[in-house]
Amino acid sequence: MTDIKVNQIIRFLNTSEDLYHHLVFLVGESGSGKTFLLRETSNYFKTSIINVNLSVSKALLDLTPKQRSLKVPEILSGIIEDASSPAILDNLEILFDNDIKQDPFRLLQHLSRRYTILASWNGSVENGRLVYAKPGHPEFREYNPEDIQLICLD
């Protein structure tokens, strides 16, 4: 099963080059095996996994709250630009923090026009919609995942 999913991820990443957005989301709840699959994929491509929470939070430490919300896209773009392709992103939770005022889906979608990105999505697909958190939660988000590729683990 793991080999099948890794092969599917590799195939999706390779075919994403032909799409407008070079973005693949690996979708599943906590504990569904996303990080393991990211590791296997990073081994295949001989690249590393970017811990977005750690990388972005380090870059935000010396900034004011207003600067943080303005600089996050630039910071994440720089982190991805310095990575090997495809950029493999894990632990995206900081992008959903309401204090930094970002739209994580749109941010990654925008960056994927320049970079091939595989990102873990700690959520689910419900009725064709990409969901993060539960309705009523302050970080709840719901998106129409058009023009990107999804691999669901649930």
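**Exercise 1. List the residues that W121 is in contact with, leaving aside its neighbours within four places in sequence, and place W121 in the nonpolar interior.**

Solution. Begin with the contacts in this predicted model: once neighbours within four places in sequence are set aside, W121 is in contact with F25, L26, V27, G28, K34, F96, F105, L130, V131, Y132 and Y143. Next, turn to the largest nonpolar core, which has 31 residues, and in which W121 belongs with F25, V52, L76, L89, I117 to the group that touches the most other members. Then ask which elements build this core: two or more residues each come from β1, α3 (52-60), α4, β3 (87-90), α5, β4 and β6, and the largest share, five residues, is given by α4. Finally, note that another core of twelve residues lies apart from this one, with I9, L26, L38 and L118 among its members. As background, nonpolar side chains in soluble globular proteins tend to be buried together.

**Exercise 2. Find the salt bridges of the structure, and work out which parts of the chain each of them joins.**

Solution. A search of the whole structure gives three salt bridges, which can be taken one by one.

- Step 1. The side chains of K71 and E74 meet with an N to O distance of 3.6 Å; both residues lie in helix α4 (residues 65-82), where they are three residues apart, or about one turn of the helix. E74 counts as exposed because its relative accessibility is 53%, whereas K71, at 34%, is partly exposed.
- Step 2. R114 and E81 form a salt bridge in which the closest N and O atoms are 3.7 Å apart. Because R114 lies in the loop between α5 (104-111) and β4 (117-122) while E81 lies in helix α4, this pair ties together parts that are 33 residues apart in sequence. R114 is exposed, with a relative accessible area of 58%.
- Step 3. The side chains of R129 and E142 meet at 4.0 Å, N to O, a value to be held against the cut-off of within 4 Å. Since R129 belongs to strand β6 (residues 129-132) and E142 to strand β7 (residues 141-143), the pair ties together parts that are 13 residues apart in sequence. R129 is partly exposed at 29% relative accessibility, and E142 is partly exposed at 39%.

**Exercise 3. Describe the two faces of strand β8 and how β8 pairs with strand β1.**

Solution. Start from the background that side chains in a regular strand alternate between the two faces of the sheet. In β8 (residues 149-152), Q149 and I151 make up the covered face, while L150 and C152 make up the uncovered one. Strand β1 (residues 23-28) pairs with β8 in the parallel sense over four bridges, and in this pairing F25 stands opposite L150.

**Exercise 4. Identify where the backbone has a cis peptide bond or a positive phi outside glycine.**

Solution. The background to keep in mind is that most residues other than glycine have a negative phi, and most peptide bonds are trans. First, the peptide bond from S85 to P86 is cis, with omega near 0°, and P86 is found in the loop between α4 and β3. Second, A133, although not a glycine, has a positive phi of about 70°; A133 sits in the loop between β6 and β7 and is partly exposed at 25% relative accessibility. Third, D147 has a positive phi near 70°; D147 is found in the loop between β7 and β8 and is partly exposed, with a relative accessible area of 38%.

Definitions and conventions:
Residues are numbered from 1 along each chain as its sequence is written. This is a predicted model: local features need pLDDT of at least 70, side-chain atom pairs count only at pLDDT 80 or more; totals for chains, interfaces and linings use all residues. Side-chain values use heavy atoms; hydrogens and water are left out. Buried means under 20% relative accessible area, exposed over 50%, partly exposed in between (1.4 Å probe, protein chains only). Two strands pair if DSSP finds at least two bridges between them. A nonpolar core is a set of buried Ala, Val, Leu, Ile, Met, Phe, Trp, Tyr and Cys residues joined through side-chain atoms within 4.5 Å. Contact means heavy atoms within 4.5 Å.
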